[in-house]
Amino acid sequence: MGKATGFLEIDRKDRTYDAPAERLKHYREFVIPHDDASLKGQASRCMNCGIPYCHNGCPVNNQIPDWNHLVYENDWREALDNLHSTNNFPEFTGRICPAPCEAACTLNIVDQPVTIKSIECAIVDRGWKEGWIAPQVPAKKTGKSVAVVGSGPAGLAAAQQLARAGHSVTMFEKNDRIGGLLRYGIPDFKMEKQLINRRAMQMEAEGVQFRTGVEVGVTVSFASLQENFDAVVLAGGAEDPRGLAIPGAELPGVRMAMEFLTQQNKRNAGDDELRAAPRGSLLATGKHVVVIGGGDTGSDCVGTSNRQGALSVTQLEIMPEPPAKEDKALSWPNWPLKMRTSSSHEEGCEREFAVLTKRVVGENDVTGLECVRVEWVGGKMQEVPGSEFTLQADLILLAMGFVGPRKQGLLEQAGVELDARGNVKGNVIDYKTSVENVFSCGDMRRGQSLVVWAIREGRQCARAVDQALMGVSELPR
């Protein structure tokens with residue numbers, strides 16, 4: 001596997017970025033990929049570690065050592081086929097996955113994991129460039145029809161797999177373009193949207209029909225789907241955002257992160273301001289911006305605010321500042337808790353940890369945010385006496401995660417049972433809900449999670465649907 005001594009001879013070297021001063025001028029991707037020789041060297045570092053713990057870290061079950069070795073052998077076409085055998089959309093995960101596989105890599109014990117994510121992205125990008133990726137049209141149709149509600153990564157994966165199995169698949173998306181969170185929640189500088197368009201064209205050629213601007217439960221009833229389709233897959237995501245329950249949070253300058261990110265992505269797609277921002281333009285230009293929430297969505301708000309010309313950007317996190325380096329003996333090969341600095345943070349941002357917001361300052365609009373520092377004692381949070389402070393703020397963006405799927409409309413009409421957390425109840429064996437011939441996958445079933453988990457669930461749900469309709473399935477799990 002790879003070169004026997006590759007990990008001893010070659011150091012880890014990941015992709016690099018354009019300089020912050022340059023990339024802040026635009027919304028395009030700014031990653032500088034490896035050349036072929038560098039990729040071959042990085043792939044050769046994948047060692048014969050006996051137990052490939054990278055498998056443990058990869059939700060989509062990528063056969064990572066196998067395609068690393070194929071890249072090392074310059075067999076790119078076979079590497080692509082291997083990669084696609086477990087992952088429908090490696091160009092998505094190769095850009096926005098946090099790479100738990102690298103955290104689980106044996107070489108991460110010495111902080112030198114194989115550059116798995118970069119190699120994955122290079123394989124699929126080369127596949128598109130060489131014209132190796134083509135529609136996989138089924139040899140025959142089954143006569144069965146499936147409605148997939150939601151066109152995020154779970155819905156896309158389920159729809160593509162079901163179409164390839166020969167079913168007639170119709171995908172319903174309430175937005176004007178397909179892609180869900182990939183389209184409107186991920187900034188273009190992390191993943192450009194022609195990548196989604198390209199896959200959509202492939203899926204249309206495979207037989208998937210897209211119906212955009214159709215919200216099930218509002219535009220069409222759920223009952224009509226049950227009446228016209230043999231099965232329904234609920235893949236609408238976890239879109240109910242966590243709100244800010246403090247005085248002043250109702251002021252117009254306190255807005256949801258997804259609204260902010262969606263508007264900019266629509267502008268980047270060429271929409272005029274009325275279409276991009278029907279509730280009014282939400283811009284960070286010339287403002288002091290405070291982002292509440294220390295996760296990826298908060299980081300995306302930081303990068304977008306800086307590109308819009310914010311005067312300052314501060315990101316708040318209620319949890320304590322994590323350590324710079326994890327304790328390998330305790331954490332490996334699991335995902336470690338440690339300080340993570342994104343490319344957006346590097347572009348300019350003040351980060352504050354262990355901070356609790358108390359009150360939004362302002363009369364007609366936001367002028368500041370009152371905060372207090374907190375400490376965690378015995379697992380419980382308590383305020384630090386005398387640590388109160390006020391941040392100047394003109395715009396406060398809420399990026400505190402999501403509490404589950406929206407209940408109005410679709411789920412109310414579907415009448416499916418919910419679990420204790422408010423997600424659609426269903427297991428990971430057959431993905432069935434409490435309603436006959438209705439299945440659920442992705443964030444709508446598991447709650448807020450990663451794109452890789454959504455793709456995995458979409459694929460597995462497709463197999464479950466195929467098996468329920470046909471009695472047997474040849475789709476992979």
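This section describes a helix pair, a pocket, two cavities and two details of the backbone in a predicted model.

The helix pair consists of H5, which spans residues 64-72, and H6, which spans residues 76-84. The two helices pack with their axes 8 Å apart and at an angle of about 165°. Because angles over 145 degrees count as roughly antiparallel, H5 is described as roughly antiparallel to H6. The crossing in which H5 passes H6 is left-handed. On the side of H5, the contact is formed by Asp 66, Trp 67, Leu 70 and Val 71, while H6 contributes Trp 76, Glu 78, Ala 79, Asn 82 and Leu 83. Sorted by class, the residues of this contact comprise 6 nonpolar, 1 polar and 2 charged.

The loop between H5 and H6 contains Asn 74. The phi angle of Asn 74 is near 65°, a positive value in a residue that is not glycine. In general, most residues other than glycine have a negative phi, and most peptide bonds are trans. A second backbone detail concerns the peptide bond from Trp 332 to Pro 333, which is cis, with omega near 5°. Pro 333 is located in the loop between helix H17 (328-331) and helix H18 (343-346).

Empty space in a structure can be located by rolling a probe the size of a water molecule over the atoms. The second largest pocket holds about 600 Å³ of space. Its lining is made up of 29 residues, and those nearest the centre of the pocket are Gln 161, Arg 164, Ala 165, Glu 474 and Leu 475. At least two lining residues come from each of H6, helix H10 (153-164), helix H12 (194-205) and helix H21 (451-470). The greatest contribution to the lining of this pocket is that of H6, with 4 residues. Thus H6, which packs against H5, also takes part in the lining of the second largest pocket. By class, the lining of the pocket consists of 10 nonpolar, 10 polar and 9 charged residues.

Across the whole structure, the search finds 3 cavities of 30 Å³ or more. The largest cavity contains about 100 Å³ of space. Of the 16 residues that line the largest cavity, Asn 62, Cys 97, Cys 101, Glu 120 and Val 452 lie nearest its centre. Helix H8 (100-104) and helix H9 (116-130) each provide at least two residues of this lining, and H9 gives the most, with 3 residues. The lining of the largest cavity divides into 10 nonpolar, 4 polar and 2 charged residues.

The volume of the second largest cavity is about 90 Å³. This cavity is lined by 13 residues, and nearest its centre lie Cys 46, Cys 49, Cys 54, Cys 105 and Thr 106. Two or more lining residues are given by helix H4 (53-57) and by H5. The element that gives the most to the lining of the second largest cavity is H5, with 3 residues. The lining of the second largest cavity includes no charged residues, its classes being 11 nonpolar and 2 polar. H5 therefore appears in two of the settings described here: the roughly antiparallel packing with H6 and the lining of the second largest cavity.

Methods: Residues numbered from 1 in each chain as written. Predicted model: local features only at pLDDT ≥ 70, side-chain atom pairs only at ≥ 80, totals over all residues. Heavy atoms only, no water. Axes fitted to C-alpha atoms, helices over the stretch in contact; angles between N-to-C directions. Parallel < 35°, antiparallel > 145°, perpendicular 65-115°, else oblique. Left-handed = near helix turned anticlockwise from the far one by under 90°. Contact = heavy atoms within 4.5 Å. Nonpolar A, V, L, I, M, F, W, Y, C, P; charged D, E, K, R; others polar. 1 Å grid on protein atoms, 1.4 Å probe; cavity = no way out; pocket = protein on both sides within 12 Å on 5 of 7 lines; lining within 4 Å. Points joined across faces, edges and corners; volume = space filled by probe spheres on them.
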